[in-house]
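Biologist: I have a model open and would like to learn how to read it. Where should we begin?

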Amino acid sequence: MSLKSTEARYGAIAVTLHWLSALAILALIISGFRAAGLTDPTSKADLLSVHVPLGILTLILTVLRLIWWAVADKKPASIPMPRWQDRLARAIHALFYVVILGIAASGVAMLVLSGAAPVIFGISSAELPNFHDFAPRAPHGAGARVLIALFALHAGAALHHHFIKRDGLLSRMWFGKS
């Protein structure tokens with residue numbers, strides 16, 4: 001497998017960035033909603049001590065992906081599909097970037113405004129603030145819900161192409177030979 005994408009499939013760097021991002025996003029969604037439901041401050045801080053670095057990692061991976069596509073690689077040619085599906089797929093991909101960057105910005109803003117970072121990373125024994133008291137909390141939670149919807153649409157479409165259409169779309173974004 002080539003490091004860069006070919007006309008027919010994604011390269012190893014794009015595939016690695018994609019799947020690392022997907023795993024990190026799944027872990028963020030699970031840990032974020034679990035943390036939101038916790039009332040014990042110690043458990044919440046422990047979970048957030050995983051959630052926050054994962055959020056930072058996802059931001060880094062997203063920026064790397066954007067840079068990779070802008071300066072180093074070209075995406076493979078689209079597979080044949082109706083125009084509306086191709087446009088919808090492109091819109092969902094673009095929305096992923098917008099929503100991920102927005103969630104990251106609201107997460108950083110919450111950390112800064114709340115002063116929670118020292119508690120989350122065990123530097124301070126103070127109590128965690130109530131994140132609902134800070135304006136970035138609402139878009140952070142809303143963005144997570146939008147991300148779940150995008151994730152479901154994206155995964156559903158990939159599985160549809162793999163199992164129903166059997167057009168090789170999903171295998172283009174996996175490791176292996178052309």
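Modeller: With a term: two residues are in contact when they have heavy atoms within 4.5 Å of each other. Keep in mind that this is a predicted model. Leaving aside neighbours within four places in sequence, alanine 12 is in contact with Met1, Ser2, Leu3 and Phe175.

Biologist: How far apart are alanine 12 and phenylalanine 175 in sequence and in space?

Modeller: They are separated by 163 residues along the sequence, but their C-alpha atoms are 6.7 Å apart. Alanine 12 belongs to helix H1.

Biologist: Is alanine 12 buried or exposed?

Modeller: Buried means under 20% relative accessible area. Alanine 12 has 15% relative accessibility, so it counts as buried.

Biologist: What share of the protein is buried?

Modeller: Of its 178 residues, 35% are buried. As for contacts between residues at least 6 apart in sequence, 73% join residues at least 24 apart.

Biologist: Which elements make up the protein, and in what order?

Modeller: The order from the N terminus is α-α-α-α-α. That is five helices and zero strands. The C-alpha atoms fill a box of roughly 55 × 30 × 25 Å along the principal axes.

Biologist: How do I check the length of a helix?

Modeller: Compare the distance between its end C-alpha atoms with the span expected at 1.5 Å a residue. H3 has 32 residues and should span 46 Å; its end C-alpha atoms are 46 Å apart, so the two agree. H5, with 29 residues, should span 42 Å, and the distance between its end C-alpha atoms is 40 Å, which agrees.

Biologist: What does H2 give in that comparison?

Modeller: H2 has 32 residues and reaches 44 Å from its first C-alpha to its last, close to the 46 Å expected. H2 also bends by about 25 degrees, at leucine 48.

Biologist: Which residues of H2 are buried?

Modeller: Among them are Leu48, where the bend lies, and Lys44, His51, Arg65, Trp68 and Trp69. The buried residues of H2 pack against H1, H3, H4 and H5.

Biologist: And against which helices do the buried residues of H5 pack?

Modeller: They pack against H1, H2 and H3. The buried residues of H5 include Arg137, His140, Gly141, Gly143 and His161.

Biologist: What should I look for where a helix ends?

Modeller: One thing to look up is the sign of phi. Just after H3, glycine 115 takes a positive phi of about 70 degrees. Just after H5, arginine 166 takes a positive phi of about 50 degrees, although arginine 166 is not a glycine.

Biologist: Is arginine 166 buried or exposed?

Modeller: Exposed means over 50% relative accessible area. With 66% relative accessibility, arginine 166 therefore counts as exposed.

Biologist: What about a residue in a loop, such as alanine 126?

Modeller: Alanine 126 lies between H4 and H5. Its relative accessibility is 45%, so it counts as partly exposed. Alanine 126 and proline 41 are 85 residues apart along the chain, and their C-alpha atoms are separated by 9.8 Å.

Biologist: Now the pockets. How much space lies in the largest pocket?

Modeller: About 1200 Å³. The elements that give two or more residues to its lining are H1, H2, H3 and H5.

Biologist: Which helix gives the most to that lining?

Modeller: H3 does, with 11 residues. In total 40 residues line the largest pocket, and Tyr10, Ala89, His93, His154 and Leu169 lie nearest its centre. By class, the lining of this pocket divides into 26 nonpolar, nine polar and five charged residues.

Biologist: How many residues line the second largest pocket, and which are the closest to its centre?

Modeller: The second largest pocket has about 700 Å³ of space. It is lined by 32 residues, with His51, Ile103, Gly107, Met110 and His140 the closest to its centre. His51 is one of the buried residues of H2, and His140 is one of the buried residues of H5.

Biologist: Where does the largest share of that lining come from?

Modeller: It comes from H2, with eight residues. H1, H2, H3 and H5 each supply at least two residues of the lining of the second largest pocket. The classes in this lining are 20 nonpolar, nine polar and three charged.

Key
Residues are numbered from 1 along each chain as its sequence is written. This is a predicted model: local features need pLDDT of at least 70, side-chain atom pairs count only at pLDDT 80 or more; totals for chains, interfaces and linings use all residues. Side-chain values use heavy atoms; hydrogens and water are left out. On a 1 Å grid over the protein atoms alone, a cavity is a set of points where a 1.4 Å probe fits but cannot get out, and a pocket is an open set with protein on both sides within 12 Å along at least five of seven lines; lining residues have an atom within 4 Å of a point. Grid points are joined across faces, edges and corners, and a volume is the space filled by probe spheres set on the points. Helices (H or I, at least four residues) and strands (E, at least two) are DSSP runs, numbered from the N terminus. Ala, Val, Leu, Ile, Met, Phe, Trp, Tyr, Cys and Pro count as nonpolar, Asp, Glu, Lys and Arg as charged, and the others, Gly among them, as polar. The expected span of a helix is 1.5 Å times one less than its number of residues. The bend at a residue is the angle between axes fitted to the seven residues ending there and the seven starting there. Buried means under 20% relative accessible area, exposed over 50%, partly exposed in between (1.4 Å probe, protein chains only).
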